[in-house]
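Student: Could you walk me through reading a ligand site and some backbone features in a model like this one?
Tutor: Gladly; let's look at the structure together.

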Amino acid sequence: MPERILTNAELEKMVDTTDEWITSRSGISARHIAAVDQTTADMGSIAAQRALEAAQLTPEKIDLIIVATCTPDKLFPSTACLIQARLACKNAAAFDLSAACSGFIYALSVADQYIRAGNAQHILVIGSEVLSRVTDWQDRGTCVLFGDGAGAVVVSATPEPGIIATRLHAMGEHADILSLDNATLTHETCKIKMQGREVFKLAVNNFSDLISDTLIANQIKLSELNWLIPHQANMRIIESLANKLQLPLEQVIITLQEQGNTSAASIPLALDAAVRDGRIKKGQLILMAAFGGGITWGSALIRW
Ligand code: UT7
């Protein structure tokens, strides 16, 4: 996470909003904002370096780098190539993947296919975003929601697959309700546009089916699940999901209060928090689920 923290109190001075509105409607109290010269590749490199250390791997062991982002440093070269050079992952192929807030789950699914096909041994999967640079700071409907950050994992070939299954979905007919046009990030007019209420309804209506379908397809009962890691967009979406599933909130990893919505970075950041504070333990069953622009949504069922 970048160092700078932007609080709701500061936002009250920037747009016509209140801390009460933001926390009650979204659950967000603060978010981190990148420094003016800090980019998606900068944050992604730090997250990837820490993932390599956690996996006890040297950079040359990495066969592939996938960066999920909707705020790449440049249209090309890919942010993945920039990170490859910084980390000296000289044997890795590298590309970016665009699926907005579902990007990390999409990238994880691609990595899983490479591993299962025997085409890679170790893959860096990174979610990194500088949403602050594409936020319209005059639009109170969106600027109170987003934050910056990066998270990363190494996916490795093992005899027992850690990624049990992934499911991906898209409904491009709803492309207009959440979009970022002209994705050249130096472009002053390139800002996120969102019809929040419409996105909210689609998220609430599709999230619980996604999770039930994932569990049924893999013959796993909800009671066997240790943790749910949902995309961190809105506390009310998360609560509605937990309610529908009848899953106690204590089993849901929630970081959005202090981080806001970091799009493709939100799930790996939440995973990182729960692994490092000891909540997630080896052998536990985790379901990750994301929903975002596209519209895209997807899940990953994981044995940690
Ligand atoms: O990450 C990708 C997926 N994204 C999401 O999942 C986001 C989904 N959407 C949401 O999280 C919610 O729709 C929002 C948090 C964006 C908005 O919450 P809402 O309960 O759907 O509010 P709304 O858009 O229906 O707006 C309610 C009222 C409106 O005023 P009127 O028309 O009722 O007079 C808005 O103008 O709240 C007003 N409003 C605000 N008031 C104070 C909108 N933004 C603000 C604000 N402060 N920041």
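The dialogue below goes from the ligand site to the backbone.

Tutor: This is a predicted model, so local features need pLDDT of at least 70 and side-chain atom pairs count only at pLDDT 80 or more, while totals for chains, interfaces and linings use all residues. Residues are numbered from 1 along each chain as its sequence is written, and side-chain values use heavy atoms, with hydrogens and water left out.

Student: Which residues come nearest to the ligand?
Tutor: A residue is near a molecule if one of its heavy atoms lies within 4 Å of it. Here 23 residues surround the ligand, and Thr 17, Arg 197, Asn 234, Arg 236 and Asn 261 come nearest.

Student: What classes of residue make up the shell around the ligand?
Tutor: Ala, Val, Leu, Ile, Met, Phe, Trp, Tyr, Cys and Pro count as nonpolar, Asp, Glu, Lys and Arg as charged, and the others, Gly among them, as polar. The shell has eleven nonpolar, seven polar and five charged residues.

Student: Which helix gives the most to the shell?
Tutor: Helices (H or I, at least four residues) and strands (E, at least two) are DSSP runs, numbered from the N terminus. The answer is α7, with four residues; α7 spans 196-217.

Student: How do I read polar contacts with the ligand?
Tutor: Look for a pair of N or O atoms within 3.5 Å. An oxygen atom of the ligand is 2.7 Å from an N or O atom in the Asn 234 side chain, and a ligand oxygen is 2.8 Å from an N or O atom in the side chain of Arg 236. A ligand nitrogen is 3.0 Å from a polar backbone atom of Gly 196.

Student: Where are the cis peptide bonds at Pro 77 and Ile 295?
Tutor: Most peptide bonds are trans. The bond from Phe 76 to Pro 77 is cis, with omega near -5 degrees, and Pro 77 is in the loop between β3 and α4. The bond from Gly 294 to Ile 295 is also cis, with omega near -10 degrees; Ile 295 is in the loop between β11 and β12.

Student: Is the phi of Ala 100 positive or negative?
Tutor: Most residues other than glycine have a negative phi. Ala 100 has a positive phi of about 50 degrees, and Ala 100 lies in the loop between β4 and α5.

Note on methods. A polar contact is a pair of N or O atoms within 3.5 Å; within protein, one must be able to donate a hydrogen and the other to accept it, and residues adjacent in sequence count only if both atoms are side-chain atoms.
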